[in-house]
Amino acid sequence: MVVFGFSCQSVSIAGKQEGLEGESGILIDCIKILRWCQEDNPKLFYLIENVKMKKKFLDQFDEIIGHSGVLINAA
């Protein structure tokens, strides 16, 4: 199982609203590493942690990941 998070400043509702063009663009590198791991283990499970974000950023995120994420309220 692979677990990772990425900088939320650019996509957070309370953040800078730069999207993946800002610091949160590190997501792209994280996905490259994830895909590399999946080459050896196609059944690899993964969890990506981040914050609640605007729909336009969430849509970009889902497109890069390849499916829709799940919002979990830790409260």
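Contact here means heavy atoms within 4.5 Å. The views below all come from a predicted model.

**View 1. The buried residues of helix H2 pack against helix H1 (26–40) and strand S2.** Let's start with the side of H2 that is turned to its neighbours. Phe-57, Phe-61, Asp-62 and Ile-65 are the buried residues in this helix. They sit on the same side of H2 because they cover an arc of only 135 degrees around its axis. A helix has 3.6 residues a turn, so residues three or four places apart point the same way. On the other side of H2 you will find Lys-55, Lys-56 and Glu-63, which are exposed. Just after the helix, Gly-66 has a positive phi of about 105 degrees.

**View 2. Phe-4 of strand S1 meets residues from far along the chain.** Is Phe-4 buried or exposed? Its relative accessible area is 13%, under the 20% cut-off, so Phe-4 counts as buried. Leaving aside neighbours within four places in sequence, Phe-4 is in contact with Leu-27, Cys-30, Ile-31, Leu-34, Leu-47, Ile-48 and Glu-49. One of these partners, Ile-48, is 44 residues away along the chain, yet the two C-alpha atoms are separated by 5.1 Å.

**View 3. The largest nonpolar core has 14 residues.** Which members touch the most others? They are Phe-4, Leu-27, Ile-31, Ile-48 and Phe-61. Helices H1 and H2 each supply at least two residues of this core, and H1 gives the largest share, with four. Take a moment for Ile-31: not counting residues up to four places away in sequence, Ile-31 touches Phe-4, Ile-48, Ile-64 and Ile-65. As a general backdrop, nonpolar side chains in soluble globular proteins tend to be buried together.

**View 4. The largest pocket holds about 630 Å³ of space.** Its lining is made of 19 residues, and those closest to the pocket centre are Ile-48, Phe-61, Gly-69, Val-70 and Leu-71. Which elements give two or more residues to this lining? They are strand S2 (46–49) and helix H2 (55–65). Sorted by class, the lining has 12 nonpolar residues, together with four polar and three charged ones. Two names may look familiar here, since Ile-48 and Phe-61 are also listed among the core residues that touch the most other members.

**View 5. Glu-23 is found in the loop between strand S1 (2–5) and helix H1.** How does this loop residue count for exposure? Glu-23 has a relative accessibility of 43%, so it counts as partly exposed. Its contacts, not counting residues up to four places away in sequence, are Ser-7, Gln-9, Ser-10, Lys-16 and Glu-18. Cys-8 is a good landmark for this view: Glu-23 and Cys-8 are 15 residues apart along the chain, with their C-alpha atoms separated by 7.6 Å.

Note on methods
Residues numbered from 1 in each chain as written. Predicted model: local features only at pLDDT ≥ 70, side-chain atom pairs only at ≥ 80, totals over all residues. Heavy atoms only, no water. 1 Å grid on protein atoms, 1.4 Å probe; cavity = no way out; pocket = protein on both sides within 12 Å on 5 of 7 lines; lining within 4 Å. Points joined across faces, edges and corners; volume = space filled by probe spheres on them. Nonpolar A, V, L, I, M, F, W, Y, C, P; charged D, E, K, R; others polar. Buried < 20%, exposed > 50% of the residue type's maximum accessible area, 1.4 Å probe, protein only. Arc of directions from axis to C-beta. Core = buried A, V, L, I, M, F, W, Y, C linked by side-chain atoms within 4.5 Å.
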